[in-house]
Amino acid sequence: MTYNDMLNLVLALPFDTMKEVYSNGKQSLLIYRPSTLSKRFKNYDINTNFQIFLKIGDDKPFKPNHLRLLIDLKLRAREIPQSRIELLTAFDKIFYGAEPLKAISPLTHINFTQYINPIDITAVLAQLFIIEQNIGYGNKSTFNPPSLYIHGWIRTFIASNQEIDQIVYRICRNTPPAVKYTCQDNKNHPKYNPNAKLLWYIN
């Protein structure tokens, strides 16, 4: 599904309902819309809040976090550095609204052996995290769209030569991604460029 198709599916989901949105036969991604929110999420809009679950085989579904996605991409880029441009292109297209499976189709010929999830699950999970931040983030954001926080980190984990330890340390301290990975897509930044080209942040 494209960004808009997945967004519409999320917003149409009845409260207290869990729905599978993607499966490859071995792993599946599901969404759930709770009718009540904990005090921790008191600033969130109940009408746009939803939760993401990952189910592997016959195991009980669990909530994947951002690090699962980011470390998966870092492992791929570290194993095969020549794939970085293709990875960045694919996940940028997902950020800009493309259908995840079409966006990653150029990656299917690359024989990655280091990763956490299959590339299709990683791609759809990225789309869900992007939607989650865009519609569900309850506080004022430095970024417009809010999903630039997670997508700036997606770009960082793929493109940066820093070790996993260093990058994970930064994001775990709630440090925003470097401006060089977000400024031209950020409507709140002076360098915002509505005509920015794909991979504009690559020198």
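**Helix H7, two pockets and selected local features**

On helix H7, the exposed residues Asp165 and Tyr169 sit on the face turned away from the buried side of the helix. The structure discussed here is a predicted model. H7 covers residues 164-172, and its buried residues are Ile164, Ile167, Val168 and Ile171. Viewed down the axis of H7, these buried residues fall within an arc of 100 degrees, so they line one face of the helix. The spacing of such a pattern follows from helix geometry: an α-helix has 3.6 residues a turn, so residues three or four places apart point the same way. As for what the buried side of H7 meets, its buried residues pack against helix H2 (66-79) and helix H6 (148-159). Beyond the helix comes asparagine 174, which has a positive phi, near 60 degrees.

H7 also takes part in the largest pocket, which has a volume of about 1,100 Å³. Strand S3 (51-56), helix H5 (119-136) and H7 are the elements that give two or more residues to the lining of this pocket. The largest share comes from H5, with four residues. In total, 32 residues line the largest pocket, and those nearest its centre are Arg40, Phe41, Tyr44, His66 and Glu132. By residue class, the lining of the largest pocket holds 14 nonpolar, 14 polar and four charged residues.

The second largest pocket encloses about 160 Å³ of space. Its lining is made by Phe95, Tyr96, Asn144, Pro145, Gln184, Asp185, Lys187, Tyr192, Asn193, Pro194 and Ala196. Six of the lining residues of the second largest pocket are nonpolar, three are polar and two are charged. Two of the names in that lining, Asn144 and Pro145, deserve a second look. A cis peptide bond joins asparagine 144 to proline 145, with omega at about 10 degrees. Proline 145 belongs to the loop between H5 and H6. For context, most peptide bonds are trans.

Turning to the strands, S1 (residues 18-23) and S2 run antiparallel and are joined by five bridges. One of the bridge pairs can be named: lysine 19 has isoleucine 31 of S2 as its partner. The two strands form a hairpin with three residues between them, and glycine 25 in the turn has a positive phi of about 95 degrees. Serine 28 is placed in strand S2. With a relative accessible area of 7%, serine 28 is buried, since the cut-off for a buried residue is under 20%. Setting aside residues up to four places away in sequence, serine 28 touches Glu20, Tyr22, Ser23, Phe53, Leu54, Lys55 and Ile121.

Asparagine 49 offers a view of a loop residue, as it is found between strand S2 (27-32) and S3. Its relative accessibility of 9% means that asparagine 49 counts as buried. Apart from residues up to four places away in sequence, asparagine 49 touches Arg33, Pro34, Leu37 and Tyr44. Tyr44 links this loop residue to the pocket described above, being listed among the residues nearest the centre of the largest pocket.

Leucine 101 is located in helix H4 (residues 100-103). Leucine 101 counts as partly exposed, at 34% relative accessibility. Its contacts, leaving aside neighbours within four places in sequence, are with Tyr22 and Asp120. Tyr22 is touched by serine 28 as well. Leucine 101 and proline 177 are 76 residues apart along the chain, and their C-alpha atoms are separated by 26 Å.

Two further backbone features complete the picture. Most residues other than glycine have a negative phi. Aspartate 16, although not a glycine, has a positive phi of about 60 degrees. This aspartate 16 lies in the loop between helix H1 (3-12) and S1, and is partly exposed, with a relative accessible area of 42%. Leucine 199 is likewise not a glycine, yet has a positive phi of about 65 degrees. Leucine 199 is found in the segment after H7 and is buried, with a relative accessible area of 15%.

Conventions:
Residues are numbered from 1 along each chain as its sequence is written. This is a predicted model: local features need pLDDT of at least 70, side-chain atom pairs count only at pLDDT 80 or more; totals for chains, interfaces and linings use all residues. Side-chain values use heavy atoms; hydrogens and water are left out. Buried means under 20% relative accessible area, exposed over 50%, partly exposed in between (1.4 Å probe, protein chains only). The arc is that of the directions from the helix axis to the C-beta atoms. Contact means heavy atoms within 4.5 Å. On a 1 Å grid over the protein atoms alone, a cavity is a set of points where a 1.4 Å probe fits but cannot get out, and a pocket is an open set with protein on both sides within 12 Å along at least five of seven lines; lining residues have an atom within 4 Å of a point. Grid points are joined across faces, edges and corners, and a volume is the space filled by probe spheres set on the points. Ala, Val, Leu, Ile, Met, Phe, Trp, Tyr, Cys and Pro count as nonpolar, Asp, Glu, Lys and Arg as charged, and the others, Gly among them, as polar. Two strands pair if DSSP finds at least two bridges between them.
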